[in-house]
Structures are given as structure tokens and as C-alpha cells.
Amino acid sequence: MIEVGALRALRSVAALGTLARAADELGFTASAVSQQIKRLERQIGMPVLAPAGRGVVLTPAGQAVVDSSLEVFQALERCAEAAQSVAEGAPRGVLRVVAFSTGIRGLLAPVHPRLLERYPDLRLHITEQDPDQAVHSVDAGTADLALLHDADGLPAPLSPALSRRLVHTDLGDVVMAGTHPLARTEPPLDGADLAGQAWVTSPPGTVCHQWFRRLFAGLTEEPDVRHLVDDFSTQLSLVASGEVLALIPRLARPPLAEGLVVRPLRRPPTREVHAAWRRSAEASPAIRAVLAELRSAGEHAGHVDEGPGDPHGVVGGEERQRASDLGETR
């Protein structure tokens, strides 16, 4: 690997024309600069300087090295600026974030505009990944921050090199047509209220299907599942027919069409969403800024999530859209 000191020496010689002048500028002896240049030539396998009268000139290889070295020194300057920003607490640069799809839609997308406004030098690069892959990406250093949902009530396992923070608790609600008899009952609903109803639900093997099965734990009657659909917008289109109900997590719930209503559950299925990052990056202003925004949104959502006591629920078309009504974690 080319040494930065040798590269800097070559740039100085190229600019000043002699080893002696370069040595004066760099604060070294001419012999030390000569040794650095020779080391550089060994590293790239060809000469970079040629004699020219009392001075030296760049060889074609030397000129190519000098021309491309600008990017190297600009990158080093950005590294120094990033370190300085840590000391000053100013978020800047690119933060690589990985998250599950509805976490992006329900949590990251809503806070993204505020981050852009408050920190114009900060840019998020968001990539969709499942929790297992997201944990690996952060651990390997190919991502800086991950949003993870728990799996069947168990948080995703993390290596000792990673830190974790709870940022949101997601709940599931029942969505139905406003003409459905349950739409006129006093919420919240429980399993007994839902027995005998027809449903559209996510396919077996999904977390949402596990949520659905838990609604009927302890009841002898099997739920009447008419449709198996993974896409929540499609589920809602079937709910609009008035035939079926759907259990939809808040992070995943699309805006409700006119005539649909949401009814909270007495014991709603829940899922925790955590942020994870490398412990070595604890001081990163960018990570701290994103965590602060997510925490603020989560606290507001947590307060509104007491909405199962809302006697009216949420009505499509005239929906009182709430920060917590953002949906699921797939």
C-alpha cells in the first residue's frame, strides 16, 4: 500500500522541482525525502522521477500518481473534518441506514424531512434489509445504523460490538368496513368479539400470521380465513367489500379509504423496534441525531398508542391520522 508520507513527498517534489526545495517545505532533509520517493517507487514497481538538469521531472507513472493523489488527500481532509464534527457535535456526511420495509415507511420516512432541514450537511443512505441481514451489515461495517424488529417476541441477537435502543413499539388493530356490525360496537375488541368473523390475513410463516393466530388462542373455534394476502393495501381492498376483517400492524397500515374503520384490541399484538449501531460509533453526531429523532417520534407514538381507549377508533376518509398509526414491522 502506498504510504501517505511518500505520496505527499512526491507531490511536493512535483510542485517545487527539486528534492531540496521539497525537503524545506516538508521539514525533512533531502536525504529523507529521497528515501520516501524510493520507497514509493518500490511500492508501485516503477520510477516516478527522472533527472532534469539540476532538478527532477515526473515520469509518466509519476505524473499519473500525482494526478490521482488529489482524491486521496481530499478523502483524508474529509476524514479530518468528520473527526472535527464529532468533537463539535455537528452531524454531517453520509449515514448508511438499513431497515425493514415498513420501518422505513413508518419510522424513517416521517423523520427524514426534519433531519434534512435541521442538518443540511447530513445525508441518509437508506437500504431495505431484513433484521438478520441488517445486524450483519452494521457488525461488518457496511452500514452504520440498523432498525430491527423482534422475532416472535424475541429481540434480534447482537454481538458484543453492537449497541441497541428501543425506538418504537408497534401494535396491531382490526380494520373493517364501516357497515360491519363490529364497527358500531364499543371498542376495544377481544377474541370473543372476533369469533365467527371472516378474515383476510397474511400467509402462514409471516409474523403477521402469528399475530393473527394469537388473537384466537384459547378459543375452540378455528377462525374463518377466506383470503391469504401478503400485501396490506390488497388486504384493505378486500376489507372494503364488507366480507372480511383484517389485522393490520400500524407501521404497515396504508391510508384508509373512505368507509373503512379501525378498531383497537383489548390485548393487541405488539412488536418492539430497536435501533442498533457499533459501540465504536457511539460518539457519531449523525447517529445521535437520527436516534434523537426516532426517540422523539417513538415517545409521541407511545403516548398516542394508548388509543385502544379511544371510543371511536379511526375512520377512513375522515381519519384522524396519528403519528403512531404508521403500522407494522415485516
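This report walks through two helix packings, a pocket and a cavity in a predicted model.

**Helices around H3**

Let's start near the N terminus, with helix H3, which spans residues 30–44. Two packed helices are described by the angle between their axes and the distance between the axes. The table gives both values for the two partners of H3 treated here.

| Helix pair | Axis angle | Axis distance |
|---|---|---|
| H1 (residues 4–16) and H3 | roughly 110° | within 9 Å |
| H2 (residues 19–26) and H3 | about 105° | 8 Å |

Angles from 65 to 115 degrees count as roughly perpendicular. H1 and H3 are therefore roughly perpendicular to each other, and H2 and H3 are therefore roughly perpendicular too. If you look at the H2 contact, you will find Leu19, Ala20, Ala22, Ala23 and Leu26 on the H2 side, with Ala30, Val33, Ser34 and Ile37 on the H3 side. Sorted by class, the residues joining H2 to H3 are 8 nonpolar and 1 polar, with no charged ones.

Turning to the other partner, H1 passes H3 in a left-handed crossing. On the H1 side, the residues to look for are Gly5, Ala6, Ala9, Leu10 and Val13, and they meet Val33, Gln36, Ile37 and Leu40 of H3. The contact of H1 with H3 comprises 7 nonpolar and 2 polar residues, again with no charged residues. Val33 and Ile37 of H3 are worth selecting in your viewer: they take part in the contact with H1 and in the contact with H2.

**The second largest pocket**

Further along the chain, the second largest pocket holds about 230 Å³ of space. Its lining has 14 residues, and those closest to the pocket centre are Asp190, Gly191, Arg214, Leu215 and Arg267. Helix H7 (191–194) and helix H8 (207–215) each supply at least two residues of this lining. H8 gives the largest share, with 3 residues. In terms of class, the pocket lining consists of 9 nonpolar, 1 polar and 4 charged residues.

**The second largest cavity**

How many cavities of 30 Å³ or more does the structure hold? There are 2 of them, and the second largest contains about 30 Å³ of space. Around this cavity you will find Leu194, Ala195, Gly196, Gln197 and Trp199, together with Phe216, Leu219, Glu221, Glu222 and Pro223. The cavity lining divides into 6 nonpolar, 2 polar and 2 charged residues.

Methods. Residues are numbered from 1 along each chain as its sequence is written. This is a predicted model: local features need pLDDT of at least 70, side-chain atom pairs count only at pLDDT 80 or more; totals for chains, interfaces and linings use all residues. Side-chain values use heavy atoms; hydrogens and water are left out. Axes are lines fitted to C-alpha atoms, for helices over the stretch in contact, and angles run from 0 to 180 degrees between N-to-C directions. Helices (H or I, at least four residues) and strands (E, at least two) are DSSP runs, numbered from the N terminus. Angles under 35 degrees count as roughly parallel, over 145 as roughly antiparallel, 65 to 115 as roughly perpendicular and the rest as oblique. A crossing is left-handed if the near helix is turned anticlockwise from the far one by less than a right angle, and right-handed if clockwise. Contact means heavy atoms within 4.5 Å. Ala, Val, Leu, Ile, Met, Phe, Trp, Tyr, Cys and Pro count as nonpolar, Asp, Glu, Lys and Arg as charged, and the others, Gly among them, as polar. On a 1 Å grid over the protein atoms alone, a cavity is a set of points where a 1.4 Å probe fits but cannot get out, and a pocket is an open set with protein on both sides within 12 Å along at least five of seven lines; lining residues have an atom within 4 Å of a point. Grid points are joined across faces, edges and corners, and a volume is the space filled by probe spheres set on the points.
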